[in-house]
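Hi everyone, thanks for coming. I'd like to walk you through one model today, so let me put it up on the screen.

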Amino acid sequence: MTGAEYCWVVDPNDGTRDFLRGFRGTALSVGLLRGAEPVLGVVHAPVTNGRGPDCIAWCEGLAGISRNGQILKSSISTLQLGADSNVLVSTGALARPEVNAALCAPSVCLPMPSIAYRLATVAVGDGVAAVSVVPVSAHDVVAGHAILRGAGGVLINQSGEPITYDSVAKLSKVSSRCFGGAPQACTVLVDRDWSQVFA
């Protein structure tokens, strides 16, 4: 990796393009790797749709996920895709709503900025999974990945393999696509033909 035991991974404005377009839900993302393992994550969205400022955090040893100062002890480890759950996707889905709805079914497709914030909100139960269909780097996902760990979630790549950060190259590009959230939901989603969103 970097040669250091600890590595801070920071994105000062995840979802910059959406921020410039006026979308709510872009976020500051701060993650910490220890030996290439995400052990701390903080994702702060200063402006959201309906919640006001939203800060979600976790670190090893914390007995749950912190959301705006309250500790939530729920787990997402057994959640599945269903009509009463959301799959969080990028705002690019707004251009192809029918295709994205079919790919997220039977769950509801919910577009929102910032993959970091999508991962963090899945960890606190706002969705069953979060998806990025474009390449992501470590600064996009480390904080959200850490928070998912605290909730019993996973972060996998386009091949269904766990995302890792064990080299400089992987810090630069961790995957071409990523799926984070409840393990069973992510396993189902990764096998769907997401190339349709670009057709």
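Let me start with a question: does Tyr117 count as buried or exposed, and why? It counts as buried, because its relative accessibility is 4%, under the 20% cut-off. Please keep in mind that what you see is a predicted model.

So where is this tyrosine? Tyr117 belongs to helix H3, which spans residues 115-123. Leaving aside residues up to four places away in sequence, Tyr117 touches ten others, if you care to follow along: Gly25, Ala27, Val43, Ala45, Thr48, Arg51, Asp54, Ile56, Arg67 and Met112. Trp8 is not on that list; Tyr117 and Trp8 are separated by 109 residues in sequence and by 18 Å in space, C-alpha to C-alpha.

Now for the sheet. Here 6 strands make an open sheet, ordered E1-E2-E3-E4-E5-E6, with antiparallel pairing. E1 and strand E6 (70-72) are at the edges with a single partner strand each, so each has one side without a neighbour in the sheet. On average, neighbouring strands are turned by 20 degrees against each other, ignoring direction. H3 packs on this sheet, where it touches E1, E2, E3, E4 and strand E5 (65-67), and its direction is at about 70 degrees to that of E4.

If you look at the edge strand E1, you'll find it joined to E2 by 7 bridges, in antiparallel fashion. One residue to pick out is Val9, whose bridge partner in E2 is Gly31. Helix H4 also lies across E1, E2, E3, E4 and E5, and runs at about 105 degrees to E3.

On to the cores. In soluble globular proteins, nonpolar side chains tend to be buried together. The largest nonpolar core here has 36 residues, and the members touching the most others are Val43, Val141, Ile147, Leu155 and Tyr165. Elements giving two or more residues to this core include strand E1 (6-14), strand E3 (37-45), H3 and helix H4 (138-150). Another core, of 21 residues, lies apart from it, and Leu103, Val131, Ala182 and Leu189 are among its members.

One last stop: Ser175. You'll find Ser175 in the loop between helix H5 (168-172) and strand E11 (178-181). Ser175 counts as buried because its relative accessibility is 4%. A polar atom of its side chain lies 2.9 Å from the backbone oxygen of Arg177. Beyond four places in sequence, Ser175 touches Pro135, Val136, Asn157, Gln158 and Ile163.

That's my tour, thank you!

Methods. Residues numbered from 1 in each chain as written. Predicted model: local features only at pLDDT ≥ 70, side-chain atom pairs only at ≥ 80, totals over all residues. Heavy atoms only, no water. Helix = DSSP H or I, 4+ residues; strand = E, 2+ residues; numbered from the N terminus. Buried < 20%, exposed > 50% of the residue type's maximum accessible area, 1.4 Å probe, protein only. Contact = heavy atoms within 4.5 Å. Core = buried A, V, L, I, M, F, W, Y, C linked by side-chain atoms within 4.5 Å. Pairing = 2+ DSSP bridges. Axes fitted to C-alpha atoms, helices over the stretch in contact; angles between N-to-C directions. Polar contact = N/O pair within 3.5 Å; in protein donor to acceptor, adjacent residues only side chain to side chain.
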